[in-house]
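Subject: Structure handover and what was found in it

Dear colleague,

Here is the structure that I promised to pass on to you, with the sequence alongside. Please open it first, and then read the notes that follow with the model in view.

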Amino acid sequence: MPRPVCLFTGQWADLPIETLARKARDFGYDGLELACWGDHFDVERALKDKTWIAQRWALLQDHGLGSFAISNHLVGQAVADVIDERHRSILPERVWGDGKPEGVRQRAAAEMIDTGRAARAFFDAAPKSVKDVLKRTKRTVVVGFTGSPIWQWAYAFPPLPSGGIEKGYAEFADLWRPILDEYQKLKVSFALEVHPTEIAFDLASTERALAALDGHEAFGFNFDPSHFGYQGVDYLGFLRRFGDRVWNVHVKDVWWSPVPTPVGTFGGHVDFGREGRNWDFRSPGRGRIDFEGIVRSLNQLNYAGPLTV
């Protein structure tokens, strides 16, 4: 089953899109998953200027590239997070505003709805080669984060208040359901990248997130095995359990130590790459993720979407 192999531009946001498109073509990629930061995908311009959309597709096509999803992780993070000064570094000024938490959350939610509208306009204008892939997947996908009002409670000490976790999931659902309702009207799907700091970060928390949303039809997942492996989470089991809601796949590897290390799973407040860490992200094939097992599972699921590095 042919699947486009793409590059996620979020890690390259310091490069102009023209430069990155040229590099992706030369690297042999089929397309780009466009991030809504840097100059790669501009939500405001996509909504206001059809010429911008045409120009973006022309740029991709001139480099022999498609695009099969857009991503807005950074703004999505602010929808359900407990907002503090850290968020200012990841948010557009129009979303951060005066930095008052409730206003930030509201503006982030509005921006995520606009992202869905921009995705609809962008992919409606896609060339036939892209539409053929989207027809097979039956999805128009926005990838991103949700944030979490209860991540700070991931380690249960001091003892958690009775019902606190349940209230956190209910709060998440109240914040995200209006966004997802709009996505459903637009025939756009939101794919949460299951990831520490999000409302879903393993199988159990994913079950709770789905239940909180009553299985909302516009809510699914971006599968990135690197966020499971070092936690000791069964990432192949995730595909078996939630495969019908895996709407995008990131190909990223991670290494974790088979023996005890000075710096544990929680990271010890040290930088990535430091000697003594228990785990670190790696380029595909240089860690411990079983990509052959993943591809076999995706084949069994008839997954037809992109594989994005």
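A residue is called buried here when its relative accessible area is under 20%. Please keep in mind throughout that this is a predicted model, and that what follows should be read with that in view.

With that cut-off, both faces of strand β4 turn out to be covered, since Val-141 and Val-143 on one side are buried, and Val-142 and Gly-144 on the other side are buried as well. Strand β4 belongs to a barrel that 8 strands close in the order β1-β2-β3-β4-β5-β6-β7-β10, with parallel pairing. In general, the strands of a sheet pair through backbone hydrogen bonds, and they may do this in a parallel or an antiparallel way. On one edge, β4 (residues 141-144) is joined by 4 bridges to β5 (residues 189-193), and these two strands run parallel; within this pair, Val-143 stands opposite Ala-191 in β5. Strand β3 (residues 70-71) is also joined to β4, in this case by 2 bridges and again in parallel, and there Ile-70 stands opposite Val-142 in β4.

Two helices that lie across these strands are worth finding next. Helix α8 (residues 164-186) lies across β4, β5 and β6 (219-223), and runs at about 140° to β5. Helix α1 (residues 17-27) lies across β1 (5-8) and β2 (31-35), and runs at about 150° to β2. The buried residues of α1 are Ile-17, Thr-19, Leu-20, Ala-21 and Ala-24, and what covers them includes β1, β2 and α3. Just after α1, Gly-28 takes a positive phi of about 100°.

Helix α3 (residues 50-62) also packs against helix α6 (residues 101-124), at an angle of about 55° and with the axes 9 Å apart. That angle makes α3 oblique to α6, and α3 passes α6 in a right-handed crossing. The contact is made by Ile-53, Arg-56, Trp-57 and Leu-60 in α3, which meet Ala-121, Phe-122 and Phe-123 in α6. The residues of this contact divide into 6 nonpolar, no polar and 1 charged. The α3 side also illustrates a general point: an α-helix has 3.6 residues a turn, so residues three or four places apart point the same way.

Elsewhere in α6 you will find Glu-111, a residue that you may want to look at with its surroundings displayed. At 7% relative accessibility, Glu-111 counts as buried. Leaving aside residues up to four places away in sequence, Glu-111 touches Val-43, Asn-72, Val-75, Arg-94 and Val-95.

A second pair of helices, α9 and α11, can be described in similar terms. Their axes come within 11 Å and cross at roughly 25°, and α9 and α11 are therefore roughly parallel to each other. Helix α9 passes α11 in a right-handed crossing. Leu-203, Thr-206, Glu-207 and Leu-210 in α9 meet Gly-237, Phe-238, Arg-241 and Phe-242 in α11, and the residues of this contact divide into 4 nonpolar, 2 polar and 2 charged.

Helix α11 (residues 235-242) is itself mostly covered, with 6 of its 8 residues buried. The buried residues are Tyr-235, Leu-236, Gly-237, Phe-238, Leu-239 and Phe-242. What covers them includes α9 (203-212), β6, α10 (226-229), β7 (246-250) and α12 (291-301).

Finally, please look at the loop between β4 and α8, where Ile-150 lies. At 10% relative accessibility, Ile-150 counts as buried. If residues up to four places away in sequence are not counted, Ile-150 touches Gly-164, Ile-165, Gly-168, Tyr-169 and Ile-199. Ile-150 and Glu-198 are 48 residues apart in sequence, while their C-alpha atoms are 8.9 Å apart in space.

With best wishes

Methods. Residues are numbered from 1 along each chain as its sequence is written. This is a predicted model: local features need pLDDT of at least 70, side-chain atom pairs count only at pLDDT 80 or more; totals for chains, interfaces and linings use all residues. Side-chain values use heavy atoms; hydrogens and water are left out. Axes are lines fitted to C-alpha atoms, for helices over the stretch in contact, and angles run from 0 to 180 degrees between N-to-C directions. Angles under 35 degrees count as roughly parallel, over 145 as roughly antiparallel, 65 to 115 as roughly perpendicular and the rest as oblique. A crossing is left-handed if the near helix is turned anticlockwise from the far one by less than a right angle, and right-handed if clockwise. Contact means heavy atoms within 4.5 Å. Ala, Val, Leu, Ile, Met, Phe, Trp, Tyr, Cys and Pro count as nonpolar, Asp, Glu, Lys and Arg as charged, and the others, Gly among them, as polar. Two strands pair if DSSP finds at least two bridges between them. Buried means under 20% relative accessible area, exposed over 50%, partly exposed in between (1.4 Å probe, protein chains only).
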